[in-house]
Amino acid sequence: MNKDIKVKDIYLYVNDLLGIDISNSKKTTEYVEGRALFYALCIKQTKLSKQSMGRYVGKNHCAVIHAMDHTINVLSDHRVIEAYSDVLANKSLETRNEKIVNIMKNLTDEQYNIAIPRIEAMVKMIRWEERG
């Protein structure tokens, strides 16, 4: 258990990973699996009660128990499966922003100045391809 991990960090991590707000009461697979991942991370990384975990995302302790007994065993979203596998392997949480910071932090100023325009170009290209 990592004492530095806070519930808010886990909440933001899952929301960032899926691009949603897991406190939304939607019952689509993405939201249900996102909340299940949140519960699993909280159980593994904190001492929070099931009641408190559920309350954090607008649910009750029964939703936490159900998710851990059923949902977590039938995950379908590859992002959730990968993140849950990381939890089981005791890997740390890392948001997209932290990944970028960790990649960029050891660059020299010259390398940084080369990387930024390339990253911006890649992001533009990805967005352009998504428009179809």
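Here are some notes on this predicted model, going from the overall fold to a few individual residues.

1. Overall make-up. The chain has seven helices and zero strands, so there is little to say about the order of elements: from the N terminus on, they run α-α-α-α-α-α-α. In terms of extent, the C-alpha atoms fill a box of roughly 55 × 40 × 25 Å along the principal axes.

2. Burial and surface. Of the 132 residues in the chain, 31% are buried. The exposed surface comes to about 9,100 Å², and carbon and sulfur atoms supply 52% of that.

3. Contacts along the sequence. Take the contacts in the chain with a separation of 6 or more: residues 24 or more positions apart account for 60% of them. Two of the points below, on the salt bridges and on Lys8, give concrete pairs.

4. The salt bridges. How many does a search of the whole structure find? Two. One pairs Glu30 with Arg79, with the closest N and O atoms 3.0 Å apart. Glu30 lies in helix α2 and Arg79 in helix α5 (residues 78–88), so this pair ties together parts that are 49 residues apart in sequence. The other joins the side chains of Arg79 and Asp77, at 2.7 Å from N to O. Since the bridges share a partner, Glu30, Asp77 and Arg79 end up in one network.

5. How covered that network is. The three residues are worth taking one by one. Glu30 is partly exposed, at a relative accessible area of 27%. Arg79 is also partly exposed, with 25% relative accessibility. Asp77, at 13%, counts as buried, because the cut-off for buried is under 20% relative accessible area.

6. Glu33, a buried acid. This one deserves a look if you are setting up charges. Glu33 sits in helix α2, which spans residues 29–45. Which side chain of opposite charge is nearest to this buried residue, and how far away is it? It is Arg79, at 7.7 Å, and Glu33 has no salt bridge. A salt bridge needs the nitrogen and the carboxyl oxygen within 4 Å, so the 7.7 Å to Arg79 does not qualify.

7. What Glu33 does reach. The side chain of Glu33 comes to 2.9 Å from the backbone nitrogen of Asp77. Asp77 therefore appears in two roles here: its side chain meets Arg79 in a salt bridge, while its backbone nitrogen is the atom that the Glu33 side chain reaches. Leaving aside neighbours within four places in sequence, Glu33 is in contact with Thr71, Val74, Leu75, Ser76, Asp77 and Val80.

8. Thr46, just after α2. Thr46 belongs to the loop between α2 and α3 (50–56). Is Thr46 buried or exposed? It counts as buried, at 11% relative accessibility. Its side chain has polar partners on the backbone: the oxygen of Cys42 is reached at 2.6 Å, and the nitrogen of Leu48 lies 3.2 Å from a polar atom of the Thr46 side chain.

9. A nonpolar patch on α7. Met122, Met125 and Ile126 form a nonpolar patch on the surface, with about 290 Å² of accessible area together. Met125 is placed in helix α7 (residues 109–131). Met125 is partly exposed, with a relative accessible area of 45%; patch members need over 30%, so the value for Met125 fits its place in the patch.

10. Val123, also in α7. Val123 lies in helix α7 and is partly exposed at 33% relative accessibility. If you want a long-range distance to check, Val123 and Gly19 are 104 residues apart in sequence and 17 Å apart in space, C-alpha to C-alpha.

11. Lys8 and Tyr56. Lys8 is in helix α1, residues 7–18. Its relative accessible area is 52%, so it is classed as exposed. Along the chain, Lys8 and Tyr56 are 48 residues apart, yet their C-alpha atoms are separated by 9.0 Å.

Note on methods: Residues are numbered from 1 along each chain as its sequence is written. This is a predicted model: local features need pLDDT of at least 70, side-chain atom pairs count only at pLDDT 80 or more; totals for chains, interfaces and linings use all residues. Side-chain values use heavy atoms; hydrogens and water are left out. Helices (H or I, at least four residues) and strands (E, at least two) are DSSP runs, numbered from the N terminus. Buried means under 20% relative accessible area, exposed over 50%, partly exposed in between (1.4 Å probe, protein chains only). Lys and Arg count as positive and Asp and Glu as negative; His and the chain ends are not counted. A polar contact is a pair of N or O atoms within 3.5 Å; within protein, one must be able to donate a hydrogen and the other to accept it, and residues adjacent in sequence count only if both atoms are side-chain atoms. Contact means heavy atoms within 4.5 Å. Patches are made of residues with over 30% relative accessible area and no salt bridge: like charges are joined within 9 Å, nonpolar side chains (Val, Leu, Ile, Met, Phe, Trp, Tyr) within 5 Å. Accessible areas come from the Shrake-Rupley method with a 1.4 Å probe; for residues, only the protein chains shown count as cover.
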